[in-house]
Amino acid sequence: SIDVDTASYSFVRRQLNRGLLPQKDAVRVEEMINYFDYAYPLPESRETPFRVTTELSPSPWAEGRELLHIGIKGYDVTPAERPRSNLIFLLDVSGSMNSPDKLPLLKTSMKMLLESLRPEDTVGIVTYTGAAGKVLDPTPVKEKAKILEALDRLQPHGSTAGAEGIRQAYELADANFDAEAVNRVILASDGDFNVGITSTEELKDFVERKRKSGIYLSVLGFGQGNLNDQLMQALAQNGNGVAAYIDTLGEARKVLVEEASGTLFPIAKDVKIQVEFNPATVAEYRLIGYETRTLDREDFRNDKVDAGELGSGHTVTAIYEITPVGGPVLVGESRYQQRSAPAAATDVGDELAFVKVRYKLPDEGTSRLISIPVPAAPDLDVNRDSQSPERVREARWATAVAAFGQILKGGPYTGDFDYDHVIALAQANKGDDPFGYRGEFIQLVRLAKTAAAMQQQER
């Protein structure tokens with residue numbers, strides 16, 4: 001299942017800015033890779049809402065291995081094509097939100113999102129503390145002063161009846177459902193649900209049922225300490241929405257202003273990637289990250305199995321590390337492994353892999369299929385425009401981010417490739433950086449190097 005969440009990157013950044021290495025389980029490498037936008041070719045029409053491209057490059061941490069980059073670029077919906085937004089803000093105002101990086105930042109973030117909406121869009125507000133309650137009926141954004149006044153009145157107090165808040169938010173969304181609009185609940189919280197239903201599975205089931213009715217859920221996390229990252233990720237995955245962690249005003253602007261169209265407007269749902277490697281050319285492979293997004297093989301063609309949502313203009317990257325036949329295998333050979341005879345040159349002998357992508361358009365229930373062969377020789381890759389310097393640079397940047405994420409998780413596969421190698425690779429391939437996100441990444445790697453050295457000294 002694809003993943004466009006970015007919460008893990010923001011959490012890692014916050015920990016490093018505090019001089020701490022993040023917990024390994026909080027590092028989701030795919031979310032770090034997909035935090036950045038990539039210059040993949042745009043699709044030509046909304047009917048085929050994304051374009052799939054591939055790039056093959058040497059692995060910088062393992063001689064004799066290669067990295068296969070699979071990139072997806074979503075169709076960028078024009079302002080004239082955007083449907084109306086029908087949003088319900090579900091805001092945590094419990095006592096645990098009484099911190100400058102929680103409720104005050106949440107309120108400012110919601111005000112930023114208002115600036116991204118159009119006058120005909122509507123916003124309703126439900127809050128929850130020890131109990132949940134409606135603060136504002138769905139109100140047109142052209143009455144912005146009324147919405148701002150409701151936000152300004154919010155004060156933190158009480159415990160956290162998050163489950164009841166979710167129910168009331170969906171009731172309000174149901175009562176004002178518009179089949180022609182994007183109907184979405186935006187949950188903003190530190191994730192500390194301590195009153196009512198707190199079972200992740202029960203909440204996931206509830207959100208999944210509502211998703212099938214056409215109401216999606218996105219989750220914004222604030223603060224730390226009480227942050228229930230696992231629950232927030234699970235709710236967003238089951239609600240066909242994104243999970244983002246807002247730790248600064250800059251991150252709020254990135255998610256809710258610069259990427260507002262991707263956050264709000266889906267162009268495809270239940271997007272799944274399946275890759276079949278040719279045993280005549282690939283001895284072994286591993287997917288970097290996506291541990292919480294793996295599906296069973298038979299789920300690929302099962303349209304009842306949920307997968308990720310792709311928003312307008314979103315990019316998604318998956319990276320496989322592969323060992324070509326004859327290269328240095330890591331796992332070793334199986335005594336009883338079935339060996340395929342070398343494929344005929346006229347058949348698939350010059351292919352590295354076969355990439356299949358299934359997706360549904362937002363208003364459809366039957367999936368569509370895109371299939372792409374990946375030639376073993378780069379100059380044969382019909383899915384590349386060319387081995388352009390920009391394409392190579394973008395792949396190397398993603399590789400630097402993937403290496404950093406793996407090192408933070410303990411680096412079982414990255415060998416002697418260390419923080420200095422990541423910094424050098426990232427600096428050489430930063431490219432155009434209008435908002436400074438890539439420059440910030442390089443600084444984070446330096447902070448991680450310092451934090452790791454301090455941790456070693458304490459031992």
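**Entry 1: the whole chain**

I began with burial: 55% of the 459 residues in the protein are buried. I note here that the model is predicted. I then looked up the secondary structure and found 12 helices and 14 strands. Next I asked how far apart in sequence the touching residues lie. Of the contacts with a separation of 6 or more, 77% are between residues 24 or more positions apart.

**Entry 2: the largest pocket**

Today I went looking for empty space. Rolling a probe the size of a water molecule over the atoms shows where such space is left. The largest pocket holds about 910 Å³. Its lining has 42 residues, and those closest to the centre are Phe36, Asp37, Tyr38, Lys73 and Glu259. Which elements give two or more residues to this lining? I found one strand, β8 (243–246), and the helices α8 (249–258), α9 (260–264), α10 (389–408) and α12 (437–458). I also sorted the lining of the largest pocket by class: 15 residues are nonpolar, 12 are polar and 15 are charged.

**Entry 3: the enclosed cavities**

How many cavities of 30 Å³ or more does a search of the whole structure find? It finds five.

The largest cavity has a volume of about 90 Å³. I wrote down its lining: Tyr38, Tyr40, Thr53, Thr54, Glu55, His69, Ile70, Gly71, Arg391, Glu394 and Ala395. At least two of these residues come from each of β1 (50–58), β2 (66–74) and α10. By class, I have four nonpolar, four polar and three charged residues in the lining of the largest cavity. Tyr38 is worth a mark in the margin, since I met it in the last entry: it is listed among the residues closest to the centre of the largest pocket, and it lines the largest cavity.

The second largest cavity contains about 70 Å³ of space. Around it I found Ile2, Asp3, Val4 and Asp5, then Ala236, Gln237, Asn240 and Gly241, and finally Arg293, Ala307, Gly308 and Glu309. Helix α7 (229–238) and strand β11 (308–311) each supply at least two of the lining residues. The classes here come out as four nonpolar, four polar and four charged.

**Entry 4: arginine 438**

I picked a charged residue and asked whether arginine 438 is buried or exposed. Its relative accessible area is 7%, and under 20% counts as buried, so arginine 438 is buried. Arginine 438 sits in helix α12. What does its side chain meet? I found a polar contact of 2.9 Å with the side chain of glutamate 394, a residue that also lines the largest cavity. Leaving out residues up to four places away in sequence, arginine 438 touches Phe36, Asp37, Tyr38, Glu394, Trp397, Asn429, Lys430 and Asp433. Three of those names, Phe36, Asp37 and Tyr38, are already in my notes as residues closest to the centre of the largest pocket.

**Entry 5: strand β13**

Why is strand β13 (residues 351–360) described as largely enclosed by the rest of the structure? Eight of its 10 residues are buried, and that is the reason. I then looked for its pairing partners. Strand β9 (residues 266–277) pairs with β13 in the antiparallel sense over seven bridges, and lysine 269 stands opposite lysine 360 of β13. Strand β14 (residues 368–375) also pairs with β13 in the antiparallel sense, over eight bridges. There, phenylalanine 354 has proline 373 of β14 as its bridge partner.

**Entry 6: helix α11**

In helix α11 (residues 419–428) the buried residues are Tyr419, Val422, Ile423, Leu425 and Ala426. An α-helix has 3.6 residues a turn, so residues three or four places apart point the same way. I checked what covers the buried residues of α11, and the cover includes α10 and α12. The N-terminal end of α11 is capped by aspartate 418, with a side-chain oxygen 3.2 Å from the backbone nitrogen of aspartate 420.

**Entry 7: two positive phi angles**

My last search was for backbone angles. Asparagine 240 is not a glycine, yet it has a positive phi of about 55 degrees. Asparagine 240 lies in the loop between α7 and β8, and at 4% relative accessible area it is buried. It is also one of the residues lining the second largest cavity. Aspartate 270, again not a glycine, has a positive phi of about 50 degrees. Where does aspartate 270 lie? I found it in strand β9, and its relative accessibility of 9% counts as buried.

How values were computed. Residues are numbered from 1 along each chain as its sequence is written. This is a predicted model: local features need pLDDT of at least 70, side-chain atom pairs count only at pLDDT 80 or more; totals for chains, interfaces and linings use all residues. Side-chain values use heavy atoms; hydrogens and water are left out. On a 1 Å grid over the protein atoms alone, a cavity is a set of points where a 1.4 Å probe fits but cannot get out, and a pocket is an open set with protein on both sides within 12 Å along at least five of seven lines; lining residues have an atom within 4 Å of a point. Grid points are joined across faces, edges and corners, and a volume is the space filled by probe spheres set on the points. Helices (H or I, at least four residues) and strands (E, at least two) are DSSP runs, numbered from the N terminus. Ala, Val, Leu, Ile, Met, Phe, Trp, Tyr, Cys and Pro count as nonpolar, Asp, Glu, Lys and Arg as charged, and the others, Gly among them, as polar. Buried means under 20% relative accessible area, exposed over 50%, partly exposed in between (1.4 Å probe, protein chains only). A polar contact is a pair of N or O atoms within 3.5 Å; within protein, one must be able to donate a hydrogen and the other to accept it, and residues adjacent in sequence count only if both atoms are side-chain atoms. Contact means heavy atoms within 4.5 Å. Two strands pair if DSSP finds at least two bridges between them.
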